[in-house]
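Hi everyone, thanks for coming along. Let me put the structure up on the screen, and then we can walk through a few parts of it together.

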Amino acid sequence: MTTAHRRRPYGVEAAPYGFLLPAATLFALFFALPIGYAVWLSLHKVRVSGLGLGSGARKEVWAGVENYTDAFTDGELLDGALRVLGYGCIVVPVMLGLALLFALMLDSERVRLAPFTRLAIFLPYAVPGVVAALLWGFLYLPDVSPFYYVLQKLGMPQPDLLDGGPLYLALSNIAVWGGTGFNMIVIYTSLQAVPAEVYEAAKLDGATPLQIALRVKIPMVAPSLVLTFFFSIIATLQVFSEPTTLKPLTNSVSTTWSPLMKVYRDAFGTGDVHQAAAEAVIIALATLVLSFGFLRGANRRNKQEAAR
């Protein structure tokens, strides 16, 4: 029997599965199992008999899709989704536009103090979201904000950023301030990977720096833009810490301002974990469908451009 036909020892064949075992165990314990438990909870409900007193007065029974039906017909959940939609229409384009602009500026040959500027733009991302919301929340309060003091001394109007329509701008500002730096680093890293010969060829053809940015750099970093847009959409759908942190500072933020806030209220406020689980599953499925649809559309467009 030749060496090629010799059977490998059992330990060698099982080695790949041994390397995968820790990751598979963590995936099952902290991802698959919680999702499965949430789905199981969403398909049950608590039935109360009599006054709800006694050991057998509260029973967990099969509910089927009843919790999902209640969630889809819940006006508070729908209103929260619409608020998040308006919030995302402000955050995503502004944040990605600033990230792209800063990345292009840092990639310019004339930029000075690039390491310091890059760190200064990225630094807000290192601040935890709750801390950032608290910092900006106190800057929005007229009684303690230095901005309102300056406006008062200048005799200028002092808008209430924590009430009505300006509340969307206030919340969006916190997200843009904290997330622009991360997206800028992703796009800037992609720009650094572009070969210098591409820029030199564009210069030899007489392209100006603006033309190089619009016709060379931006198309070259299109995959990074798709990736940052994808991450931004997911983060927008899961907005929770900013409105929750600002809620004690204003009456304009309700306990159901965003869908995740309603899930939190139903689970820990009213104690209806089964209804909260159904709402969480719906939010997860909506995020999955939107993300998958966006990525599929982006891949289809890339294939069409590559075929031209």
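One term before we start: a residue counts as buried when its relative accessible area is under 20%, as exposed when that value is over 50%, and as partly exposed in between. Please also keep in mind that this is a predicted model.

With that in hand, let's look at Lys262. Is Lys262 buried or exposed? Its relative accessibility is 2%, so Lys262 is buried. Its side chain meets that of Glu279 in a salt bridge, with N and O 2.8 Å apart. Glu279 sits in helix α13, residues 273-307, while Lys262 belongs to helix α12, and 17 residues separate the two. Glu279 is buried too, because its relative accessible area is 0%.

Now move along to Arg265. Which residues does Arg265 pair with? One partner is Asp266, where the closest N and O atoms are 3.1 Å apart. Asp266 has a relative accessible area of 5%, so this residue is buried. Another partner is Glu76, again at 3.1 Å from N to O. That second pair ties together distant parts of the chain, since Arg265 lies in helix α12 and Glu76 in helix α3, 189 residues apart. Here the surroundings are more open to view: Arg265 is partly exposed at 23%, and Glu76 is partly exposed at 34%.

Let's put those pieces together. Through shared partners, salt bridges join Asp74, Glu76, Lys262, Arg265, Asp266 and Glu279 into one network. The model has seven salt bridges in total.

The two helices linked by Arg265 and Glu76 also pack against each other. Helix α3 covers residues 75-106 and helix α12 covers 259-269; their axes are 8 Å apart, at an angle of about 145 degrees. On the α3 side, the contact is made by Glu76, Leu77, Gly80, Ala81 and Val84, and on the α12 side by Pro259, Lys262 and Arg265. By class, that gives four nonpolar, one polar and three charged residues.

Finally, the pockets. Rolling a probe the size of a water molecule over the atoms shows where empty space is left. The largest pocket has a volume of about 520 Å³. Of its 24 lining residues, Ala175, Gly178, Gly179, Ala235 and Glu242 are the closest to the centre. Helices α3, α4, α5, α7 and α10 each supply at least two residues of the lining. What is the lining made of, by class? It divides into 15 nonpolar residues, eight polar and one charged.

Notes. Residues are numbered from 1 along each chain as its sequence is written. This is a predicted model: local features need pLDDT of at least 70, side-chain atom pairs count only at pLDDT 80 or more; totals for chains, interfaces and linings use all residues. Side-chain values use heavy atoms; hydrogens and water are left out. Axes are lines fitted to C-alpha atoms, for helices over the stretch in contact, and angles run from 0 to 180 degrees between N-to-C directions. Helices (H or I, at least four residues) and strands (E, at least two) are DSSP runs, numbered from the N terminus. Contact means heavy atoms within 4.5 Å. Ala, Val, Leu, Ile, Met, Phe, Trp, Tyr, Cys and Pro count as nonpolar, Asp, Glu, Lys and Arg as charged, and the others, Gly among them, as polar. On a 1 Å grid over the protein atoms alone, a cavity is a set of points where a 1.4 Å probe fits but cannot get out, and a pocket is an open set with protein on both sides within 12 Å along at least five of seven lines; lining residues have an atom within 4 Å of a point. Grid points are joined across faces, edges and corners, and a volume is the space filled by probe spheres set on the points. A salt bridge is a side-chain nitrogen of Lys or Arg within 4 Å of a carboxyl oxygen of Asp or Glu. Buried means under 20% relative accessible area, exposed over 50%, partly exposed in between (1.4 Å probe, protein chains only).
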